Amino acid sequence: KMFARGIADGTHEGYFPLAEQFMTQSSPPYCALTTLAMMLNSLNIDPNERWQGGRRWCTEDMLLGNCCKPRSEVDQDGMTMDEFAGIARCHGASVQCTRASEVDVDTFRQHVIEAVSTPRPPLMAVSFARAPPGQTGDGHFSPIAAYDAQSDHVLVLDVARFKYPPWYAPLP
């Protein structure tokens, strides 16, 4: 029902470009890289590198190869939101970072609605703790693809697809 309502009210437009690029992270600490690759591909940002068969396609390895953080550190610690934003900027994306501690829930809701109500940018990635929604693991990145106003839930396209399918999370 949430998805159907969102299609009707236009708050699921962000879903379609992201769903076309939906990827599964190849390693637990790579959630930020996978999320970023999905988003850059959704935005049709040219990585300026050739992928298989000469296609220009963004992958985790490509981002990691162009990253200012060594692979061993990413493998050990994952990434911070600032590192995520920096890599996105290095690859041509316009980025605005907002921390939950910096805005109230109504402002965050407005950011979500703006991000999911258009088929083009902006897109939204979130970094969140897995414990509050009752999941295993620690910090995690994934894109937000939609919003359901009636229930005040966001659709998380979880890049840990081997563990969690896309799911609706209460926005607050």
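The lining of the largest pocket divides by class into 33 nonpolar, five polar and three charged residues. The model described here is a predicted one, and the largest pocket in it encloses about 1200 Å³ of space. A second pocket, the second largest, has a volume of about 260 Å³. The structure also holds seven salt bridges, and F3, I7 and F16 make up a nonpolar patch on the surface.

**The largest pocket**

- The space in this pocket amounts to about 1200 Å³, and 41 residues line it.
- Of these lining residues, T98, F108, M124, A125 and V126 are the closest to the centre of the pocket.
- Helices and strands both contribute: the elements that give two or more residues to the lining are α3 (31–42), α6 (81–90), α7 (105–116), β1 (124–129), β3 (153–156) and β4 (167–170).
- Strand β1 supplies the largest share of the lining, with six residues.

**The second largest pocket**

- With a volume of about 260 Å³, the second largest pocket has a lining of 19 residues.
- The lining residues nearest the centre of this pocket are P28, P29, C31, G139 and H140.
- Two or more residues of the lining come from each of α3 and β2 (139–148).
- The largest share, three residues, is given by β2.
- By class, the lining of the second largest pocket is made up of eight nonpolar, seven polar and four charged residues.

**Salt bridges**

- Among the seven salt bridges of the structure is the one in which the side chains of D61 and R71 meet, at 3.6 Å from N to O.
- This pair links distant parts of the chain, with D61 in helix α4 (residues 60–65) and R71 in helix α5 (residues 71–77), ten residues apart.
- D61 has a relative accessible area of 47% and is therefore partly exposed; R71, at 40% relative accessibility, also counts as partly exposed.
- Another salt bridge joins the side chains of D152 and R109, with an N to O distance of 2.7 Å.
- Because D152 lies in the loop between β2 and β3 while R109 belongs to helix α7, this pair ties together parts that are 43 residues apart in sequence.
- Both partners, D152 and R109, are buried.
- R109 and D152 are further linked with D106 in a network of salt bridges.
- The side chains of R130 and D158 form a salt bridge at 2.8 Å, N to O.
- Here too the pair links distant parts of the chain: R130 is in the loop between β1 and β2, D158 is in the loop between β3 and β4, and the two are 28 residues apart.
- R130 counts as buried because its relative accessibility is 3%, and D158 is buried with a relative accessible area of 0%.

**Backbone angles**

- Most residues other than glycine have a negative phi.
- N44, although not a glycine, has a positive phi of about 60 degrees.
- N44 is placed in the loop between α3 and α4, and its relative accessible area of 59% makes this residue exposed.
- D152 is another residue other than glycine with a positive phi, near 60 degrees.
- D152, found in the loop between β2 and β3, has a relative accessible area of 15% and is therefore buried.
- D152 thus appears under two topics, as a residue with a positive phi and as a partner of R109 in a salt bridge.

**Nonpolar surface patch**

- The patch formed by F3, I7 and F16 has about 240 Å² of accessible area together.
- I7, one of the residues of the patch, lies in helix α1 (residues 2–9).
- The relative accessibility of I7 is 39%, so I7 counts as partly exposed.

Key. Residues numbered from 1 in each chain as written. Predicted model: local features only at pLDDT ≥ 70, side-chain atom pairs only at ≥ 80, totals over all residues. Heavy atoms only, no water. Patch = residues over 30% accessible without salt bridge, like charges linked within 9 Å, V, L, I, M, F, W, Y side chains within 5 Å. Areas by Shrake-Rupley, 256 points an atom, 1.4 Å probe, with all protein chains shown as cover. Salt bridge = Lys/Arg side-chain N within 4 Å of Asp/Glu carboxyl O. Helix = DSSP H or I, 4+ residues; strand = E, 2+ residues; numbered from the N terminus. Buried < 20%, exposed > 50% of the residue type's maximum accessible area, 1.4 Å probe, protein only. 1 Å grid on protein atoms, 1.4 Å probe; cavity = no way out; pocket = protein on both sides within 12 Å on 5 of 7 lines; lining within 4 Å. Points joined across faces, edges and corners; volume = space filled by probe spheres on them. Nonpolar A, V, L, I, M, F, W, Y, C, P; charged D, E, K, R; others polar.
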